[in-house]
Amino acid sequence: MSARPLVNAGQNDPYRAIDSQPDPEMFTRILESRGKAPSQIRLRRGFLRFAGIRPGWDVLEVGCGTGVLCRDLARMVGPRGHVTGVEPSRVFTRAARRLARAEGLGDRIDFRAGDGTALRFPTGRFDCALAVTVLLHVPDPRPIVAELARVTRPGGVVGLQDQDMGTLVLDHPDRALTQRIFEGVARRNYVDPLSGRTLVRRLVEQGLTRVRLRTDVYQDTAYEPFTRAMLERRAQHAVEFGLASARAAARWMAEIERSVAAGRFLLTLNFYGAVGVKPAATPSPASAGFRRSRAPAPRPPSASGPPARA
């Protein structure tokens, strides 16, 4: 995807107004389906380990959706810890409470409907504050990242993770149409489809120190259910947005089905995770910033499995 200014960026992004959608519960099902995908489990739990989540911590997630990550966090912090999820959608908030109770985690997680740019928590309240697959949906991420930093205690961790739609790759014989569909739909469905590559900068700009980066590759060679649904939505949106005719989109999907039947399907997407530490005092520009991670490189991803809010 080129770096030229985005046209009509994010104007069709349903995640900016879930409760106004004709069928908001459909998006609950989408997020929960994604959350069960093996590669998504690997991606998000690897990121939480990278962030250094510890038993007993008090952790905040902004833009928590249906609470998939919050439920992972609740298991990691254990009975002495606590998790708070803030989500603008009341439909998602109700679903998150219901699903947490169903998994026996309701007493460890507090879900609140709220605005990530104006958090109703005191400064220094949390050991860790996170936003995962959120910033690509946001017109201006800076207020959210500033709030994450504000409510984190000195010495605590602020973490961001996002996919980067400029790295979405599909092995398809019609490369020109594939690029047109992927780029055109991303430009209309996300405010910043290239958000993943900005995360280190976002943390450095807020004065966080010891900023580290982790890169994961989501890959699917088995055409998992979430991948299928994501590509079907891309084809549908391409027709709706005038990027391809109905006949061309149908041919595009038919070729994908043929590649699956022949055992040669391949799709990949990069996810970037960045974490930083809130200093005891506001650092000077020279003392803050990015440093190379000394953490071991992530293991190569498994041969199959599926992505995130896509």
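These are my notebook entries on a predicted model, covering the overall make-up, one helix and the contacts of aromatic rings.

**Entry 1: the chain as a whole**

I first looked up the secondary structure and found nine helices and eight strands. I then checked burial: of the 310 residues, 56% count as buried. The accessible surface comes to about 13,800 Å². Carbon and sulfur atoms account for 51% of that surface.

**Entry 2: helix α8**

I took up helix α8, which runs over residues 225-240 and has 16 residues. From its first C-alpha to its last I noted a reach of 23 Å, close to the 22 Å expected at 1.5 Å a residue.

I next asked which residues of α8 are buried. They are Phe 226, Thr 227, Met 230, Leu 231, Arg 233, Arg 234, Ala 235, His 237 and Ala 238. For the spacing in such a list I kept in mind that residues three or four places apart in an α-helix point the same way, because there are 3.6 residues a turn.

What covers these buried residues? The cover includes three helices, α1 (24-36), α6 (175-189) and α9 (246-261), together with the strands β7 (209-220) and β8 (267-277). After the helix I recorded Gly 242, whose phi is positive, near 75 degrees.

**Entry 3: aromatic pairs**

I looked up ring pairs and found four in the structure. I entered two of them in detail.

In one, Tyr 15 and Phe 27 have ring centres 5.5 Å apart; their planes stand at 75 degrees, over the 60-degree limit, so the pair is edge-to-face. Tyr 15 belongs to the segment before α1 and Phe 27 to helix α1 itself, so the pair ties together parts that are 12 residues apart in sequence. I checked the burial of each partner. Tyr 15 has a relative accessible area of 10% and is buried; Phe 27, at 9%, also counts as buried.

The other pair is Tyr 223 with Phe 265, with ring centres 4.9 Å apart and planes at 55 degrees, so I entered this pair as tilted. The pair links distant parts of the chain, 42 residues apart: Tyr 223 lies in the loop between β7 and α8, and Phe 265 in the loop between α9 and β8. Both residues are buried.

**Entry 4: charges over rings**

Lastly I looked for arginines placed over aromatic rings. Arg 125 lies over the face of Phe 126, at 4.6 Å from the ring centre. I also noted Arg 212, whose charged end sits over the ring of Phe 50, 4.3 Å from its centre.

Conventions:
Residues are numbered from 1 along each chain as its sequence is written. This is a predicted model: local features need pLDDT of at least 70, side-chain atom pairs count only at pLDDT 80 or more; totals for chains, interfaces and linings use all residues. Side-chain values use heavy atoms; hydrogens and water are left out. Helices (H or I, at least four residues) and strands (E, at least two) are DSSP runs, numbered from the N terminus. Buried means under 20% relative accessible area, exposed over 50%, partly exposed in between (1.4 Å probe, protein chains only). Accessible areas come from the Shrake-Rupley method with a 1.4 Å probe; for residues, only the protein chains shown count as cover. The expected span of a helix is 1.5 Å times one less than its number of residues. Contact means heavy atoms within 4.5 Å. Rings of Phe, Tyr and Trp (its six-membered ring) pair if their centres lie within 6.5 Å; planes under 30 degrees apart count as stacked, over 60 as edge-to-face and the rest as tilted. A charge sits over a ring if NZ of Lys or CZ of Arg is within 6 Å of the ring centre and within 35 degrees of the ring normal.
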